[in-house]
Amino acid sequence: MKIIGRKEEQQELTDLFNSKKAEFAVVYGRRRIGKTFLIEQFFRHKKCIFFHITGVQDGLLKEQLAEFAKAIGKAFYNGAGIKTAPSWMEAFEELNSAINNLSAAKKIVIFIDELPWMATRRSRILQALDYYWNHYWSKNKKLKLVVCGSSASWIIKNIIYNKGGLHNRYTRCLLIKPFLLHETKEFLISRNIKMIDKQILQLYMAIGGIPHYLDKVKKGFSAAQNIEQLCFKENGILFSEFEKLFKSLFEDAKIYIELIKMIAALRGGVTRSYIEEKSKLTKKGGTLTDRLNDLEQAGFIKSFLPLKHQRQGMYYRIIDEYVYFYLKWIEPQKHTLSHQSGNDYWLHHSNTSQYFAWVGYSFESVCYKHISQIQKSLKIPAGSQVGTWRFNPKNNIKERGAQIDLLFERSDDAITICEIKCTDKPFRIDKQYYNNLMNKIEVYRKISKTSKQILIAFISANGIVKSTYADCISAITTLDDLFL
């Protein structure tokens, strides 16, 4: 199968493979993102010995070692069975012996997939990996080691920021991200599924640019019909994916689920103080910091520090489309859907106020993933700072607050403030909206004390209606621009 997108990642792997020295690559990213597919497909037709082992989720040490022995037999001995080693040191010695028996000119790729699952308690696999990399493999210019894991926090803590013998040993790091809109469209076309951009956006806002989920989309059905089948039918893969996702990534899944639900509770995002006040399972201080970092590294949430107004403090919001969709739509209905399996639940609710609130939030998250497309469309100069901004006056002060979805502090003495809207038809700026917008600009100028030129831009899926009130808009980004 053809690799869709991933141009930068493929170039990085090409450089790794052609390198004249030993390489140690770290690959991580959200579960179901296509890490294994990328590595397998890239190296499948290369002239090399490709050793591939995948950790067993919740597997015992002896089960992990048994799979490792099978993988050695398959890669080096034409599938012949070899004895299972009793420890990782002995298992790596068996692998090292197989490598030494090869011709000196033969390239070897060692792909250790889902390493976090193999690192069971007291397994000492990291110590074994440390020993064999530092003593043998780092000196073999034909050897390319690739370690991979879905638990981004584990990979970052134990490999990238390792404090022992693996400290600073990796030579390349690849974070595999969800597909962007244009890659999602390319993926669907590769499966002979042709949807208009508006339909792809609807699908993307519900399930995100996750290849495994997109692979389940059916030809000949609308976005709404596919969402109905994937998310609201008991046999749909996304009906119960949420729990599996969190249990596969986090040891204390319950605690992380509590945190993600709190973050989903408020549309504008939540502050750390809000989480500390509401949380029952997570302690304050370093533990909470670590868990929020874990969720961010997993790609579920994003932390925002208001640009040039950091006193307002960091806040968090969900940026994983499926996670947010599950919490807002699937989970609240799970206990009733089993009795309504014949009903088109999603189709019946896709014209409600709750639906439009969800669309607004989700489209903002989509825009945050497409900053480079927006910057190009709005002709924002290179080197500009990008962020959000908010001002919440204290309760005892009679001041107007304001929130800015997106702004660019430009390198040409100007600031572009962006409004983000997703409507079925071109957005109409009426008198009330215009006055609110001017208020927002006034508050921003007063609080930020900026003397720069302020420009107003719209990111509107279907553009805006021309009118006297719309004359204040300097530039518009539409859905077409996000697909570029």
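Start by selecting Arg317 and Tyr361: Arg317 lies over the face of the Tyr361 ring, 4.0 Å from the ring centre. Keep in mind as you click around that this is a predicted model. For another view of this kind, pick Lys334 and Phe239. Here Lys334 sits over the face of Phe239, at 4.9 Å from the ring centre.

**Stop 1: the parallel sheet**

Now colour residues 23–29, which make up strand β1. This strand belongs to an open sheet of five strands, ordered β2-β3-β4-β1-β5, and the pairing is parallel. Which strands stand at the edges? They are β2 (49–54) and β5 (172–176); each has a single partner strand, so one side of each has no neighbour in the sheet. Going from one strand to the next, the twist averages 15°.

Zoom in on β1 and β5. The two run parallel and are joined by five bridges. Select Gly29 and you'll find it opposite Ile176 in β5.

Next, bring up helix α1, residues 7–18. α1 lies across β1, β3 (108–113), β4 (143–149) and β5, and runs at about 155° to β5. Then show helix α4, residues 88–100. This helix packs on the sheet too, where it touches β2, β3 and β4, and its direction makes about 160° with that of β3.

While you're here, click on Gln41, in helix α2 (residues 35–44). Is Gln41 buried or exposed? Its relative accessibility is 12%, so it counts as buried. If you ignore the neighbours within four places in sequence, Gln41 is in contact with Met1 and Ile3.

**Stop 2: the aromatic rings**

Show the side chains of Phe, Tyr and Trp. The aromatic pairs in this model come to 42. Try Phe68 and Phe92: their ring centres are 5.4 Å apart and their planes are at 25°, under the 30 degree limit, so this pair is stacked. Phe68 lies in helix α3 (residues 61–76) and Phe92 in α4, so the pair ties together parts that are 24 residues apart in sequence. Check their surroundings as well: both Phe68 and Phe92 are buried.

Widen the selection and you'll see that this pair belongs to one aromatic cluster. The members to select are Phe51, Phe68, Phe76, Trp88, Phe92, Tyr131, Tyr132, Tyr136 and Trp137.

**Stop 3: two unusual backbone angles**

Jump to Asn192, in the loop between α8 (181–190) and α9 (197–207). Its phi is positive, about 60°, although Asn192 is not a glycine. Asn192 counts as partly exposed, because its relative accessibility is 41%.

The next residue to click is Asp413, which you'll find in the loop between β10 and β11. Asp413 also has a positive phi without being a glycine, with a value near 65°. How is this residue placed, buried or exposed? Asp413 is exposed, with a relative accessible area of 52%.

**Stop 4: the mixed sheet**

From Asp413, follow the chain into β11, residues 414–421. You're now in an open sheet of five strands, in the order β9-β10-β11-β12-β13, and the pairing is mixed. Look for the edge strands, β9 (385–391) and β13 (473–477), each of which pairs on one side only. Leaving direction aside, neighbouring strands of this sheet are turned by 30° against each other on average.

Select β11 together with β12, residues 453–460. These two pair in the parallel sense over eight bridges. For a single example, click Ile420, whose bridge partner in β12 is Ile459.

Now add helix α18, residues 353–369. α18 packs on the sheet and touches β9, β10 (402–409), β11 and β12. Its direction makes about 140° with that of β11.

**Last stop: helix α20**

Finish with residues 431–448, which form helix α20. Put a distance between its end C-alpha atoms: they are 26 Å apart. With 18 residues at 1.5 Å a residue, the helix should span 26 Å, so the two values agree.

Which residues of α20 are buried? Select Tyr433, Leu437, Asn439, Lys440, Ile441, Val443, Tyr444 and Ile447. Show the mixed sheet alongside them, and you can see what they pack against: β9, β10, β11, β12 and β13.

Methods. Residues are numbered from 1 along each chain as its sequence is written. This is a predicted model: local features need pLDDT of at least 70, side-chain atom pairs count only at pLDDT 80 or more; totals for chains, interfaces and linings use all residues. Side-chain values use heavy atoms; hydrogens and water are left out. Two strands pair if DSSP finds at least two bridges between them. Helices (H or I, at least four residues) and strands (E, at least two) are DSSP runs, numbered from the N terminus. Axes are lines fitted to C-alpha atoms, for helices over the stretch in contact, and angles run from 0 to 180 degrees between N-to-C directions. Contact means heavy atoms within 4.5 Å. Rings of Phe, Tyr and Trp (its six-membered ring) pair if their centres lie within 6.5 Å; planes under 30 degrees apart count as stacked, over 60 as edge-to-face and the rest as tilted. Buried means under 20% relative accessible area, exposed over 50%, partly exposed in between (1.4 Å probe, protein chains only). A charge sits over a ring if NZ of Lys or CZ of Arg is within 6 Å of the ring centre and within 35 degrees of the ring normal. The expected span of a helix is 1.5 Å times one less than its number of residues.
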